[in-house]
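Work through the exercises below with the sequence and the model side by side. Each task is followed by a solution in steps.

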Amino acid sequence: MEVRAKKALGQHFLTDQGIAKAIVDALEIPAGTVSPVLEVGPGMGVLTQYLLQRSDVDLKLVEIDGESVEYLRAHFPDMQGRLLQEDFLKMQLAKHFQGAFAVIGNFPYNISSQIFFKILDHREQVPQVVCMIQKEVAERIAEGPGTKAYGILSVLLQAWYDIEYLFSVGSGCFAPPPKVQSAVIRLRRNGRQSLGCDEALFKTVVKTAFGQRRKMMRNPLKPLARAKAQRENWSEDQLAAFLRDPVFDLRPEQLSVEDFIALTLRLQ
């Protein structure tokens, strides 16, 4: 049987075996150990076949598409009990993994950002991610400050992960070919245990700043500064003096992760 790619699920099946093997080879497991690995959206198992060849991988699969699940059960009978027909975004990961596990997959491009936000929520359990995503998103995630691609996902992911842009993948490697180019990136958990600031406010500051990325940060962040002024019982002159800080003359893409942490501390 064949599986029909479903536009609603953002499915584009990788057909290039060399690319598939390169993605699997990019998953780094310490020598002499076996790591639990979750493949997200295996489709017809183009990555699965190579993952199963690795003796250092203890594999589980999560697939939402019933047609793909039927195909995988027929072609990978050894995955019985390890193939989960679920929506990754709604999964209770703690039910399936007691400790750390790596994530790998050709992520559906229409929900890749949501997948990364879920991974961030479980960052203490996910030390490594290897994935293929839309090239534009990959560049955005991997870029550093001072570039047009640098944005919300760049800051939030780089706060907790070291990110490598591994290689690009042409649209001809898929069926059906996507209208966009693709890329493979690897995320490794860095040594940061705490931001040292209010994490919820950090996210708000980053998202609010990049919500008007072409403007100096004084404009989008003024409501957050005013909220602090109200908490601290500042006068309008004190608020104005606070907003004269040179950091508010910058645009968000000019700030590093550390700069955003420092700014969050100032706004707490």
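## Exercise 1: the sheet

Seven strands form an open sheet of mixed pairing, in the order 4-3-2-5-6-9-7. The model is a predicted one.

**Task.** Find which strands are the edge strands, and describe how strand 3 and strand 4 pair.

**Solution.**
1. An edge strand pairs on one side only, and this holds for strand 4 (83-84) and strand 7 (161-169).
2. Strand 3, residues 57-62, pairs with strand 4 in the parallel sense, over two bridges.
3. In this pairing Leu-61 stands opposite Leu-83 of strand 4.

**Task.** Describe how strand 5 and strand 6 are joined, and state how many residues of strand 6 are buried.

**Solution.**
1. Strand 5 and strand 6 run parallel and are joined by four bridges.
2. Val-103 stands opposite Val-129, which belongs to strand 6.
3. Buried means under 20% relative accessible area.
4. Seven of the seven residues of strand 6 are buried, so strand 6 is largely enclosed by the rest of the structure.

## Exercise 2: the cores

**Task.** Name the residues with the most contacts inside the largest nonpolar core, and the helix that gives the most to this core.

**Solution.**
1. The largest nonpolar core has 58 residues.
2. Phe-116, Phe-202 and Phe-260 have the most contacts inside it.
3. Helix 8 (residues 199-211) gives the most to this core, contributing six residues.
4. Leaving aside residues up to four places away in sequence, Phe-116 touches Phe-107, Cys-131, Ile-133, Ile-141, Leu-153, Leu-157, Ile-185 and Leu-187.
5. A second core, of 30 residues, is separate; among its members are Leu-27, Met-79, Val-130 and Phe-174.
6. As background, nonpolar side chains tend to be buried together in soluble globular proteins.

## Exercise 3: helices packed on helix 11

**Task.** Decide whether helix 8 and helix 11 are roughly parallel or roughly perpendicular to each other.

**Solution.**
1. Two packed helices are described by the angle between their axes and the distance between the axes.
2. Helix 8 packs against helix 11 (residues 257-267) at an angle of about 110°, and their axes are 9 Å apart.
3. Angles from 65 to 115 degrees count as roughly perpendicular.
4. Helix 8 and helix 11 are therefore roughly perpendicular to each other.
5. Their crossing is right-handed.
6. On the helix 8 side the meeting residues are Leu-201, Phe-202, Val-205, Val-206, Ala-209 and Phe-210. On the helix 11 side they are Val-257, Phe-260, Ile-261, Leu-263, Thr-264 and Leu-267.

**Task.** Classify the packing of helix 9 and helix 11 from the angle between them.

**Solution.**
1. Helix 9, residues 218-232, packs with helix 11 at an angle of about 40°, with the axes 9 Å apart.
2. That angle makes helix 9 oblique to helix 11.
3. Leu-221, Leu-224, Ala-225, Lys-228 and Arg-231 of helix 9 meet Leu-263, Arg-266 and Leu-267 of helix 11.

## Exercise 4: three loop residues

**Task.** Locate Pro-145 and decide how accessible it is.

**Solution.**
1. Pro-145 lies in the loop between helix 6 and helix 7 (152-158).
2. Its relative accessibility is 42%, so Pro-145 counts as partly exposed.
3. Not counting residues up to four places away in sequence, Pro-145 touches Tyr-150, Glu-253, Gln-254, Leu-255 and Ser-256.
4. Pro-145 and Val-257 are 112 residues apart in sequence, yet 8.6 Å apart in space from C-alpha to C-alpha.

**Task.** Is Glu-253 buried or exposed?

**Solution.**
1. Glu-253 sits in the loop between helix 10 (236-243) and helix 11.
2. At 17% relative accessibility, Glu-253 counts as buried.
3. Glu-253 touches Pro-145, Gly-146, Thr-147, Tyr-150, Phe-210 and Arg-213, again not counting residues up to four places away in sequence.

**Task.** Describe the backbone and the surroundings of Asn-233.

**Solution.**
1. Asn-233 has a positive phi of about 60°, although it is not a glycine.
2. Asn-233 is in the loop between helix 9 and helix 10.
3. With a relative accessible area of 68%, Asn-233 is exposed.

## Exercise 5: the whole protein

**Task.** State how many helices and strands the protein has, and what share of its residues is buried.

**Solution.**
1. The secondary structure comes to eleven helices and nine strands.
2. Of the 268 residues in the protein, 49% are buried.
3. The C-alpha atoms fill a box of roughly 70 × 40 × 30 Å along the principal axes.

Technical notes. Residues numbered from 1 in each chain as written. Predicted model: local features only at pLDDT ≥ 70, side-chain atom pairs only at ≥ 80, totals over all residues. Heavy atoms only, no water. Pairing = 2+ DSSP bridges. Core = buried A, V, L, I, M, F, W, Y, C linked by side-chain atoms within 4.5 Å. Buried < 20%, exposed > 50% of the residue type's maximum accessible area, 1.4 Å probe, protein only. Contact = heavy atoms within 4.5 Å. Axes fitted to C-alpha atoms, helices over the stretch in contact; angles between N-to-C directions. Parallel < 35°, antiparallel > 145°, perpendicular 65-115°, else oblique. Left-handed = near helix turned anticlockwise from the far one by under 90°.
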